[in-house]
Amino acid sequence: MTTHKSHCLILPYPAQGHINPMLQFSKRLQSKGVKITIATTKSFLKTMQELPNLVSIEAISDGYDDGGRDQAGSFVAYITRFKEVGSDTLAQLIKKLANCGCPVNCIVYDPFLPWAVEVAKNFGLVTAAFFTQNCAVDNIYYHVHKGVIKLPPTKVDEEIIVPGFSTIETLSRIESSDVPSFVVSPEAERILEMLVNQFSNLDKVDWVLINSFYELEKEVIDWMAKIYPIKTVGPTIPSMYLDKRLPDDKEYGLSLFKPMAYECLNWLNRQPINSVVYVSFGSLAKLEADQMEELAWGLRNSNKNFLWVVRSTEESKLPKNFVEELKLTRENKGLVVSWCPQLQVLEHKSIGCFLTHCGWNSTLEAISLGVPMLTMPQWTDQPTNAKLVKDVWEMGVRAKQDDKGIVRREVIEECIKLVMEEEKGKVIRENAKKLKELARNAVDEGGSSDKNIEEFVSKLVTIS
Ligand code: UDP
């Protein structure tokens with residue numbers, strides 16, 4: 001029987017982009033001897049395609065056990081009720097685990113759920129916040145929290161001064177189009193409030209863990225580390241993708257959608273090396289029908305092969321007969337799927353460019369697997385991630401919108417060519433390779449993130 005050094009309860013916010021990195025982090029802790037229990041909502045559990053085979057999962061309640069967020073009617077209603085019901089049911093779970101002989105001694109919570117700190121403190125548990133955004137974005141939210149930055153910006157081309165970035169020239173004065181945006185939601189203000197609230201209770205936690213790595217964001221990490229006990233622990237993708245020597249399963253997360261793995265990989269296997277544009281806007285973003293149309297023709301006109309993830313709820317926005325016509329083309333230049341195994345796709349040798357919305361997980365996965373990016377950010381932290389990709393890490397370009405907010409087909413076509421074949425894109429392709437190496441080193445034994453995880457685990461053991 002394995003004797004565990006410690007027992008961590010992991011509490012992610014119920015969304016695809018949150019559960020993936022927190023599950024991966026859990027597995028890494030588990031590989032270092034920590035027992036893990038993931039707590040998620042009953043409604044979220046029901047939407048999962050399959051459960052992970054390595055960690056235990058327990059259900060708590062968000063107050064909407066049958067329909068989750070959709071049943072709540074509004075985001076504000078959801079988050080308010082989740083706090084009330086979640087606090088109680090989380091406390092009950094902690095008691096239940098203690099009663100059955102496996103008491104928890106630490107909670108790793110998602111700062112979208114800051115109330116977890118109070119629950120943890122009532123039980124005298126060690127508490128660690130796990131940020132699923134990068135440190136640069138956290139730094140911006142921190143300064144909004146402190147009242148130093150006002151979001152959303154009042155003017156379109158307003159220049160925003162961000163403390164903490166002072167040594168990074170490209171970031172210390174950024175344009176309004178590069179800060180997190182909330183324009184798409186009627187409840188934008190409340191979403192911003194939740195993002196900023198990530199910093200409430202943060203002065204009471206023992207650790208602030210961030211899914212990033214030191215070499216990627218040195219300056220801003222050093223700056224924030226003066227305020228909070230920050231430890232970078234990323235990239236939290238299965239180590240197997242970074243280092244083939246390590247035994248690991250290829251399972252990434254708890255998928256909410258069924259990946260069309262066979263279709264994707266089979267199709268990719270038939271494409272030449274570096275020839276394919278992989279296109280995905282993640283699990284939440286919704287494009288306008290006009291934008292879908294421009295994207296469709298931009299991809300077709302680029303004359304490159306493409307694999308495009310269009311979630312079933314977005315399918316109706318595709319141009320009429322687009323998918324049927326693709327199937328008829330002799331070269332079979334494109335494949336549209338409803339969901340794919342993204343890491344397996346990104347690591348495939350046929351992929352030459354990732355057209356991405358710049359969700360942080362997708363961005364970090366592209367960095368870790370060395371895939372140059374063409375960014376089309378939509379909202380929240382995505383514009384800032386796109387800015388980092390283009391101007392700080394120089395591993396991609398950003399497709400410019402016109403004055404109606406649409407990225408036109410010619411722009412998409414031009415950007416794809418730049419990233420994949422033009423001399424101008426050479427530096428981007430080279431940087432992608434260099435960053436992949438840095439990411440790999442960070443999680444390798446003795447690397448910056450690995451050391452931080454080791455330190456976290458040994459502190460937990462000392463405390464228990
Ligand atoms: N993803 C996937 N298959 C897809 C599209 C996305 O597995 O077809 C995964 C992707 O690897 C990432 C997550 O879904 O881990 C999306 O998270 P991200 O932060 O990029 O975007 P969000 O969905 O939160 O907007």
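pLDDT is the predictor's confidence in each residue, on a scale from 0 to 100. This is a predicted model, and its mean pLDDT is 90, with 92% of the residues reaching 70 or more. As for the global scores, ipTM comes out at 1.00 and pTM at 0.93. Here's a quick look at two spots: helix α16, and the meeting of α15 with α18.

**Helix α16 and its surroundings**
- Helix α16 covers residues 382-392, and nine of its eleven residues are buried, so the rest of the structure largely encloses it.
- The buried set starts with Gln382, Pro383, Thr384, Asn385 and Ala386, and Lys387, Leu388, Val389 and Lys390 are buried too.
- Helices α6 (135-145) and α15 (360-369) are among the elements that cover those buried residues.
- Strands help out as well: the cover includes β7 (173-175), β14 (373-375) and β15 (396-398).
- Following α16 comes glutamate 394, which has a positive phi, near 45°.

**Where α15 meets α18**
- Besides helping to cover α16, α15 pairs up with helix α18 (residues 426-443): their axes come within 6 Å and cross at roughly 100°.
- With that crossing angle, α15 counts as roughly perpendicular to α18, because angles from 65 to 115 degrees fall in that class.
- On the α15 side, the contact uses Ile367, Ser368 and Leu369; their partners in α18 are Leu435, Lys436 and Ala439.
- Sorted by class, this contact has four nonpolar residues, one polar and one charged.

Definitions and conventions:
Residues numbered from 1 in each chain as written. Predicted model: local features only at pLDDT ≥ 70, side-chain atom pairs only at ≥ 80, totals over all residues. Buried ≥ 20, exposed ≤ 12 C-beta atoms within 10 Å, placed from the backbone. Helix = DSSP H or I, 4+ residues; strand = E, 2+ residues; numbered from the N terminus. Contact = placed C-beta atoms within 7 Å. Axes fitted to C-alpha atoms, helices over the stretch in contact; angles between N-to-C directions. Parallel < 35°, antiparallel > 145°, perpendicular 65-115°, else oblique. Nonpolar A, V, L, I, M, F, W, Y, C, P; charged D, E, K, R; others polar.
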